[in-house]
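Student: I'm new to this one. Could you take me through its sheet, slowly and up close?

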Amino acid sequence: MTAARPVSSAAISSAVSSGRSSAVEQAQRALDAARHADEQDNLNIFLYRADASAAEHAARLDRDPATKDKPLAGVPFASKDNISVAGMQVSCGSKILEGYVAPYTATAVERLRDAGAVLIGKTNLDEFAMG
(Lines give C-alpha, C1' and ligand atoms only; values in the text may rest on other atoms or scores of the structure.)
Protein backbone atom coordinates (compact mmCIF):
# COMPACT_ATOMS: atom_id res chain seq x y z
CA MET A 1 0.00 0.00 0.00
CA THR A 2 1.44 3.35 -0.95
CA ALA A 3 1.11 6.27 1.39
CA ALA A 4 -2.18 8.02 0.74
CA ARG A 5 -2.21 11.75 0.33
CA PRO A 6 -3.95 13.39 3.31
CA VAL A 7 -7.49 14.51 2.59
CA SER A 8 -9.21 17.19 4.63
CA SER A 9 -12.43 16.65 6.55
CA ALA A 10 -14.03 19.37 4.45
CA ALA A 11 -13.09 17.57 1.21
CA ILE A 12 -14.47 14.25 2.49
CA SER A 13 -17.71 15.81 3.71
CA SER A 14 -18.16 17.66 0.41
CA ALA A 15 -17.56 14.48 -1.61
CA VAL A 16 -20.03 12.46 0.49
CA SER A 17 -22.66 15.23 0.54
CA SER A 18 -22.49 15.64 -3.24
CA GLY A 19 -22.56 11.91 -3.97
CA ARG A 20 -19.04 11.80 -5.48
CA SER A 21 -18.11 9.40 -2.69
CA SER A 22 -19.93 7.46 -0.01
CA ALA A 23 -19.58 7.26 3.75
CA VAL A 24 -18.96 3.52 3.37
CA GLU A 25 -16.09 4.17 0.94
CA GLN A 26 -14.52 6.76 3.25
CA ALA A 27 -14.86 4.54 6.32
CA GLN A 28 -13.34 1.58 4.48
CA ARG A 29 -10.44 3.71 3.26
CA ALA A 30 -9.74 4.89 6.82
CA LEU A 31 -10.07 1.37 8.25
CA ASP A 32 -7.69 0.02 5.60
CA ALA A 33 -5.15 2.73 6.45
CA ALA A 34 -5.51 1.97 10.18
CA ARG A 35 -5.06 -1.76 9.57
CA HIS A 36 -2.00 -1.14 7.42
CA ALA A 37 -0.43 1.20 9.99
CA ASP A 38 -0.88 -1.36 12.75
CA GLU A 39 -0.22 -4.62 10.91
CA GLN A 40 2.34 -3.66 8.27
CA ASP A 41 4.09 -0.69 9.85
CA ASN A 42 3.79 -2.04 13.42
CA LEU A 43 2.82 1.37 14.78
CA ASN A 44 0.33 0.09 17.40
CA ILE A 45 -1.91 3.10 16.88
CA PHE A 46 -5.24 1.37 17.41
CA LEU A 47 -6.20 -0.60 20.49
CA TYR A 48 -9.56 -1.38 18.89
CA ARG A 49 -10.80 -1.02 15.32
CA ALA A 50 -14.56 -0.74 14.95
CA ASP A 51 -14.82 -2.38 11.50
CA ALA A 52 -18.40 -3.68 11.86
CA SER A 53 -19.95 -0.71 13.65
CA ALA A 54 -18.16 1.78 11.37
CA ALA A 55 -19.48 -0.01 8.26
CA GLU A 56 -22.99 -0.15 9.74
CA HIS A 57 -23.02 3.54 10.71
CA ALA A 58 -21.58 4.58 7.33
CA ALA A 59 -24.22 2.53 5.49
CA ARG A 60 -26.97 4.23 7.55
CA LEU A 61 -25.53 7.62 6.61
CA ASP A 62 -25.49 6.67 2.92
CA ARG A 63 -29.18 5.67 3.07
CA ASP A 64 -30.26 8.84 4.93
CA PRO A 65 -31.08 11.76 2.60
CA ALA A 66 -30.41 14.20 5.47
CA THR A 67 -26.72 13.20 5.46
CA LYS A 68 -25.95 15.73 2.73
CA ASP A 69 -26.77 18.49 5.21
CA LYS A 70 -24.50 17.22 7.98
CA PRO A 71 -21.26 19.20 8.45
CA LEU A 72 -19.09 16.07 8.88
CA ALA A 73 -20.90 13.77 6.43
CA GLY A 74 -18.90 10.56 6.15
CA VAL A 75 -15.77 11.91 7.84
CA PRO A 76 -13.97 9.06 9.64
CA PHE A 77 -12.52 9.71 13.09
CA ALA A 78 -10.85 7.85 15.93
CA SER A 79 -11.11 8.56 19.62
CA LYS A 80 -8.53 8.00 22.31
CA ASP A 81 -9.17 4.97 24.48
CA ASN A 82 -9.98 7.12 27.51
CA ILE A 83 -13.21 8.30 25.87
CA SER A 84 -16.22 6.04 26.45
CA VAL A 85 -18.24 4.58 23.58
CA ALA A 86 -21.16 2.37 24.58
CA GLY A 87 -20.51 -1.29 23.87
CA MET A 88 -16.79 -0.80 23.19
CA GLN A 89 -13.94 -1.66 25.48
CA VAL A 90 -12.31 1.28 27.22
CA SER A 91 -9.00 0.55 28.91
CA CYS A 92 -7.40 3.99 29.14
CA GLY A 93 -4.24 2.20 28.03
CA SER A 94 -4.13 0.29 31.33
CA LYS A 95 -4.20 -3.41 32.18
CA ILE A 96 -6.32 -2.51 35.23
CA LEU A 97 -9.34 -1.79 32.99
CA GLU A 98 -8.73 -4.66 30.56
CA GLY A 99 -12.11 -6.10 29.52
CA TYR A 100 -14.17 -3.13 30.78
CA VAL A 101 -16.96 -2.23 28.35
CA ALA A 102 -18.34 1.31 28.45
CA PRO A 103 -22.03 1.55 29.42
CA TYR A 104 -22.51 4.96 27.76
CA THR A 105 -21.13 7.11 24.95
CA ALA A 106 -19.28 10.34 25.73
CA THR A 107 -20.96 13.54 24.60
CA ALA A 108 -18.03 14.41 22.29
CA VAL A 109 -18.47 11.16 20.35
CA GLU A 110 -22.26 11.57 20.22
CA ARG A 111 -21.89 15.07 18.79
CA LEU A 112 -19.40 13.93 16.15
CA ARG A 113 -21.70 11.08 15.12
CA ASP A 114 -24.72 13.40 15.05
CA ALA A 115 -22.75 15.66 12.70
CA GLY A 116 -22.24 12.70 10.34
CA ALA A 117 -18.78 11.50 11.38
CA VAL A 118 -17.99 7.77 11.54
CA LEU A 119 -15.99 6.30 14.45
CA ILE A 120 -13.43 3.82 13.10
CA GLY A 121 -11.78 2.87 16.38
CA LYS A 122 -10.04 3.70 19.63
CA THR A 123 -6.41 4.78 19.66
CA ASN A 124 -3.57 4.00 22.02
CA LEU A 125 -2.34 6.38 24.72
CA ASP A 126 -0.11 6.51 27.75
CA GLU A 127 -1.74 4.83 30.73
CA PHE A 128 -4.70 6.97 31.82
CA ALA A 129 -3.36 9.71 29.47
CA MET A 130 -0.86 10.71 32.13
CA GLY A 131 1.86 11.43 29.56
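Tutor: Let's start with one rung: Arg49 has its bridge partner in E3, and that partner is Gly121. This is a predicted model, by the way. Arg49's rung belongs to a pairing of E1 with strand E3, residues 118–123, which is antiparallel and spans three bridges.

Now step back to the whole sheet. It is open, has three strands in the order E1-E3-E2, and its pairing is mixed. Strand E1 (46–49) and E2 are the edge strands; each has a single partner strand, so one side of each has no neighbour in the sheet. On average, neighbouring strands here are turned by 35° against each other, if you ignore direction. Then there's helix H2, residues 23–39, lying across E1, E2 and E3 and running at about 140° to E1.

Let's zoom in on E2, which covers residues 76–80 and includes Ser79. Is Ser79 buried or exposed? Its relative accessibility is 4%, and buried means under 20%, so Ser79 counts as buried. Leaving aside residues up to four places away in sequence, Ser79 touches Val85, Val109, Leu119, Gly121, Lys122 and Thr123. You've met one of these already: Gly121, the bridge partner of Arg49.

Finally, follow the chain out of E2 into the loop that leads to helix H4 (107–114), where you'll find Tyr100. Tyr100 is partly exposed, at 37% relative accessible area. Gln89 is eleven residues from Tyr100 along the chain, yet their C-alpha atoms are separated by 5.5 Å. Again setting aside residues up to four places away in sequence, Tyr100 touches Met88, Gln89 and Val90.

Definitions and conventions
Residues are numbered from 1 along each chain as its sequence is written. This is a predicted model: local features need pLDDT of at least 70, side-chain atom pairs count only at pLDDT 80 or more; totals for chains, interfaces and linings use all residues. Side-chain values use heavy atoms; hydrogens and water are left out. Helices (H or I, at least four residues) and strands (E, at least two) are DSSP runs, numbered from the N terminus. Buried means under 20% relative accessible area, exposed over 50%, partly exposed in between (1.4 Å probe, protein chains only). Contact means heavy atoms within 4.5 Å. Two strands pair if DSSP finds at least two bridges between them. Axes are lines fitted to C-alpha atoms, for helices over the stretch in contact, and angles run from 0 to 180 degrees between N-to-C directions.
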